[in-house]
Amino acid sequence: MAQRHHDLTASAAGPVTTGDALEGYLRAQATEFLRALRQHREAGSAASHGTSHASASGAEERDDAARALRRSARRISGSLHTFRPLLDAEWSQALRSELSWLSATLALEHAYGARLERLLFALNRLSGAAPQPPTALVPPAAAAPAAPGTPGIAATPSASGAPVLPDPPPHRIGGADARPAADARTARGAGGPQGGTLTAAPSGTGARTTTAPRAAGARPAAAPPATPSASSTAAAPADRGNLTVGAAKAGALLDRQLTLARTRAHSTALQALGSSRFHAVADRAAVLASEVPLTPAASATDLRPFAAAAEERLADAVAALPLVTAGSPYNAEALIHGLSADAAPHPQDAPWHHVRLLLRLHRYACEVLGGPDAAPDDVRLPTAGAALDRHRDASEAAAAAAQAARTPRIAPATAYALGVLHADQRHEVEAARYAFQRSWQRHPVTTT
């Protein structure tokens, strides 16, 4: 059982915070919502009528505006949930459900893009290639379609004969099981099919290996001494090339599936922002920016008991977590149910996701009491929230790898690479649980 180090009644010694603070907070967040909506519309108009550079800049501004929309929608919805006895019940329930729908719809596109970045970065790391920092993803509308027959990720042979996995392009839609551009057998320093000299394409270009013709009867030129590459200098096993090819095919499969899902999420978000349902939400936010439907007694009611109740719900949920097991830096339970045929989310993750939601509600309640720029009294909250966000990202990435491994008729090397990737992400889940346990068990130091 987790110990409750934080005194839930400590805030009672502070000044009384009434419903007027809640009214000011909701009006400020509604104003931020309307400002982000206007920025989103202006960025979308600039992206559709400008040059390619202006379109990229407009797409980036549109993404920032969408994040601001989600941020304000989450805070309004969370505050309506925590302080619902002080608000009109029917109005707050209707607006809260609509804001939850909007936030979830707008978050899907970003979630799929971040998931693809995370998985491709892990594939490069697990295959032995030097992992590169994740690059910014291009919006689906600006992504150029791949040429027919072009694989999603091309493995370029190194001088040692083992294909090296290049830094995969973020949004090239390739075949689910596309073969690498160069075969390992044609990269061993020998001549091509006609006795020509092999010319390897630069890594990441996606071009196939070409053979330069030579004159009839001419002797093939002596091959220059092979310069060991970064991947060949490491003592890799003999079958390392097959694993790298499997990782390349796994990356192409994940790229195709997650890019398609991200494109569909982008279309769904655009349809949602143009629907009558969203316009009704925007109208309610406009009304909220000027008038908050509080109950008659809200202006004289102290908000601290409601915030303390949110904190107590969080403490109860954390106490129900297996923190003793999570305190081990390596936990074999990360792979339990890993081979289950059930495509549902991992059964161990649901309580941790629930704690993440309650932690967010508690943080929003602290913002209502102290203002949006006030530092939290419990300094554990930022670190614990970051660990739970990492837990969520790793668990969803593991589920995406498992879903890709269920694709029919994939090569054994591809399935093996996806299995290794799934195990890696499940261990990332356990590492995030360990980090949360380490941060939460510390005595909180209150700020002055």
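**Notebook: helix H6, the core, the pocket and some single residues**

I began with H6, where I found Phe278, Val281, Ala282, Ala285, Leu288 and Ala289 to be buried, a word that I use for under 20% relative accessible area, with exposed for over 50% and partly exposed for what lies in between (1.4 Å probe, protein chains only). These buried residues cover an arc of only 115 degrees around the axis, which puts them on the same side of H6; the arc is that of the directions from the helix axis to the C-beta atoms. I noted the general rule that an α-helix has 3.6 residues a turn, so residues three or four places apart point the same way. On the other side of H6, I found Ser276, Asp283 and Ser290 exposed.

Before going on, I wrote down that this is a predicted model, in which local features need pLDDT of at least 70 and side-chain atom pairs count only at pLDDT 80 or more, while totals for chains, interfaces and linings use all residues. Residues are numbered from 1 along each chain as its sequence is written, and side-chain values use heavy atoms, with hydrogens and water left out.

I then looked up the length of helix H6, which runs over residues 276–290, has 15 residues and reaches 22 Å from its first C-alpha to its last, close to the 21 Å expected at 1.5 Å a residue. The expected span is 1.5 Å times one less than the number of residues, and helices (H or I, at least four residues) and strands (E, at least two) are DSSP runs, numbered from the N terminus.

Next I turned to the largest nonpolar core, which has 35 residues, with Leu26, Phe33 and Leu288 having the most contacts inside it. Such a core is a set of buried Ala, Val, Leu, Ile, Met, Phe, Trp, Tyr and Cys residues joined through side-chain atoms within 4.5 Å. Two or more residues of this core come from each of helix H1 (19–49), H2, H3, helix H5 (240–273), H6, helix H7 (304–319) and H9, and H1 gives the most, with seven residues.

For the largest pocket I recorded a volume of about 1,200 Å³ and a lining of 39 residues, of which Arg74, Ala107, Arg356, Arg360 and Arg392 lie nearest its centre. A pocket, on a 1 Å grid over the protein atoms alone, is an open set of points where a 1.4 Å probe fits, with protein on both sides within 12 Å along at least five of seven lines, and lining residues have an atom within 4 Å of a point. The volume is the space filled by probe spheres set on the points, which are joined across faces, edges and corners. H3 gives the most to this lining, with 17 residues.

Then I checked single residues. Leu106, in helix H3, is buried, with a relative accessible area of 7%, and Leu106 and Leu270 are 8.9 Å apart, C-alpha to C-alpha, although 164 residues separate them in sequence. Ala394 lies in helix H10 and counts as buried at 0% relative accessibility; its C-alpha atom is 9.1 Å from that of Asp424, 30 residues apart along the chain.

Last, I looked at Arg409, in the loop between H10 and H11, which has a positive phi of about 60 degrees although it is not a glycine. Arg409 counts as exposed, at 80% relative accessibility.
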